[in-house]
Amino acid sequence: EKAKWPKETVELWTRLSKKEANDVETIQRSIIHHVTTTLARAAYNLDNFSAYQAVALSTRDRLISRWNETQGQLSKKDPKRVYYLSLEFLLGRSMDNALLNMGLKDTYGKSIEQLGFNMEDIIESEVDAALGNGGLGRLAACYMDSLATLEYPAWGYGLRYNYGIFQQRIVDGYQTEFPDYWLNFDNPWELPRLDISIQISFGGHVQTSQDEYGVTRHNWIAGQSVQAIAYDVPIPGYHTENCNNIRLWRSKPTKTFDLTSFNEGNYERAVEDATNAERITSVLYPNDNTMAGKELRLKQQYFWTAASLHDIVRRFKKSMREWSDLPDQVAIQLNDTHPTLAIVELQRILVDVEMLSWDDAWDIVTRTFAFTNHTVLPEAMEKWSVPMFEYLLPRHLQIIFDINLYFLQKVELKFPNDRGLLNRMSIIEEAQPQQIRMAHLAVVGSHKINGVAALHSDLIKTTIFKDFVMYYGEEKFVNKTNGITPRRWLHQANPQLSTLITETLNSDKWLKDLSLLRGLEKKVPDAEFRKKWRAIKRANKVRLAELIKERCHVEVSPDALFDVQVKRIHEYKRQFMNILAVIHRYRTIKSMTPAQKASVQPRVVIFGGKAAPGYYIAKLVIKLINSVAAVVNQDPAVGDLLKVVFIPDYNVSVAEVIVPASDISQHISTAGTEASGTSNMKFVLNGGLIIGTLDGANIEILEEIGEDNIFIFGCAAQEVEDLRHAQRYRGVPMDPALQGVISAIEKGVFEDPKIFQPLISTLTVGKDFYLISADFASYITANQQVDIAYKNQDEWSKKSIRCTANMGKFSSDRSVKEYADEIWNIKPYTVIDEGFL
Ligand code: Z16
């Protein structure tokens, strides 16, 4: 304790713990120091990767001092905090972002240059932290950036997987998966907290007894236990001292691992159990928008929520407050249903361990939690089989049954004699075996439930949570439209455009107040400005063309229209419809006279995205794209009029190259299926136009940028059910253009047609669930309108500028502020730079 030290000792510490300065020479010294000591290498004869490691370590030192300052000041002040529980944080690379946010990029650039290295090469040496699948995981990362930038006291909690999302390679046109062992080299962006270790239990049984007041007490006698070890990932805000934290848990065998087995002389059994303990945080499940139902996944969820809650409760207890104050000190946001067990675990701690009454405990629990829903797709709804759950978490199962009992009793009081209603609302689904509906549990245990875009938030109120809206009332269900961080997705990914915007607006304030982009509108009539705007887009396309050359071995012209669809491969996202329209385009070009061809707008169609390894149909879509590409790209009758590429291993870093380089991007899900989408926002922010359906956040983007600057087609969400019905029971025939395309595939224009039969079958009349046939004609028309509009480059540039200018709403700063004000009830806290470590 500092207070007990003699004056000289305190003075010595104070004098010697001054933070390192941020001038070029000090930074160079720090880099060289890490080369020669931490890395134990010679200061000359370094490769790019070692140089990257040294620069990363030097950057890390600066992050750590901000982290220390922030966490120290927050401990003293002890304001209300928010905890964002997410099984996924798709952070991507850290170095460039950390340097930009801390305002050190230029100084580091100079320092590195003088030491004989190039900043861009060094940045490229970093591997992505890919602890997420797609939209949900990247959203968590954007929200962490905004929380730190807006100076909210916030922590993320997640898992430190040894293997992130698999690496995708294309072999013979098919996706093949390779492990992403991202921790092969030291990870400088985490701080191991080997001293923070929490014991987590599984299995066993529940002992019941009466206490001295005759109250029944439940004692969970666990079967096995493992340790949770903390790894902290600092998240610096943009141009602020505040530095938040993501705490990731790693599973380890308990220190005294299976003494019993040892004592029985069963050494092998003991070591085997130890290996099983490590398995919990071994791998990220590679499903986006589908539920797998594996036992290990449930173990991950409990391990993570129990460790996080233990940590949160420990921190709260230090403040010596009453339990009833918990909701005034702590807000916990559940990112999807994955962390719903936290609700049950907190109830267990309060009732079984802290001896609160059930009702007092439940009041505290429900005022603490809020829940974000990200999908209405039935296959994505989390359900756990009761027998499996009971085996792993017997006490938690009892608590869930009690929560359900008390809940249904209240429903029955309000709406008597409606067994259908009780069945529909129950947390337990009466199937064989019974299933726990995690979404129902999350709704019952939270004070606010939010969807992620206006349409989606309306839809959940009329579909999956309809009965709950009737019971609780409308106020519990709110909308928080997603957002993206303009720091990574414009400033960092598109530095030239960022510079032009700052010059034009005479300030860089827009990076913290994105609505200021409106100021670009006045430049729309300025031909000189439009020329600069176009030149930047072209430079970004040249960069993407180089990446395509490298990864796909296809040469594409940066003067063609770049048409992009990059996202997880899923039937509802309709990459299949896109490639079918590409085939239609190919056939149209092939049927043209040379004179007709002369007026065709050249187009490069760019695909990217991973399919879940067990999603057969999605993987066939990838194969079809690659088969079409193989035929089209070498057809002399087509030449540069049409190129098709599938960029392998789409990830955050690849997105940072693709997004600034698109002219048009495709967001074409069947209306009502894509909860929000966030890449749509990234493209438009970078001056890319979009073609899309009336789905998710596309609708709000349309409202902001105006109908002249977006290509909308297809049916609306309200029409979907009628269209499906008509198709099923009135046998609406397939769209003729689509019929032609299917015939071409079946004739073997693109490899052996047998391969694609299962894919084509999904379009059989009456089975085309995602309504590709119903939307096909309007999709083709919308694509033709894109071609026509692109011919007039000057008009296109006006649209492009208007796009960027009107994207202010979609900053994750706006989203996070809405959560803070309307759900979490937290205030910012500005960290003061005290100049000491
Ligand atoms: C996911 O990425 C999403 C939803 C979900 O249930 C599971 C996963 Cl892993 C996505 C939505 O599909 C997307 O529309 C949305 O923009 C994103 O979550 C963030 O909210």
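Among the 15 residues around the ligand (those with a heavy atom within 4 Å of it), the nearest are Asn-289, His-374, Asn-482, Glu-674 and Gly-677. This is a predicted model, where local features need pLDDT of at least 70 and side-chain atom pairs count only at pLDDT 80 or more, while totals for chains, interfaces and linings use all residues. Residues are numbered from 1 along each chain as its sequence is written, and side-chain values use heavy atoms, with hydrogens and water left out.

By class, five of the shell residues are nonpolar, seven polar and three charged; Gly counts as polar, and Asp, Glu, Lys and Arg count as charged. Domain 1 (78-93 + 128-481) and domain 2 (486-715 + 775-810) both supply shell residues, so the ligand lies between them. The domain bounds come from an automatic or database assignment.

Here are some polar contacts (pairs of N or O atoms within 3.5 Å) to oxygen atoms of the ligand:

| Side chain | Distance to a ligand oxygen |
|---|---|
| His-374 | 2.7 Å |
| Asp-288 | 3.1 Å |
| Asp-336 | 3.3 Å |

Taken alone, the ligand exposes 460 Å², and the protein buries 96% of that (Shrake-Rupley method, 1.4 Å probe).

Now for the space itself. The whole structure holds ten cavities of 30 Å³ or more, a cavity being a set of points on a 1 Å grid where a 1.4 Å probe fits but cannot get out. The largest encloses about 920 Å³. Its lining has 50 residues, with Asn-133, Gly-134, Gly-135, Leu-136 and Asp-288 closest to the centre; lining residues have an atom within 4 Å of a point. The ligand sits in this largest cavity, with more than half of its atoms within 2 Å of the grid points.

Key: Polar contact = N/O pair within 3.5 Å; in protein donor to acceptor, adjacent residues only side chain to side chain. 1 Å grid on protein atoms, 1.4 Å probe; cavity = no way out; pocket = protein on both sides within 12 Å on 5 of 7 lines; lining within 4 Å. Points joined across faces, edges and corners; volume = space filled by probe spheres on them.
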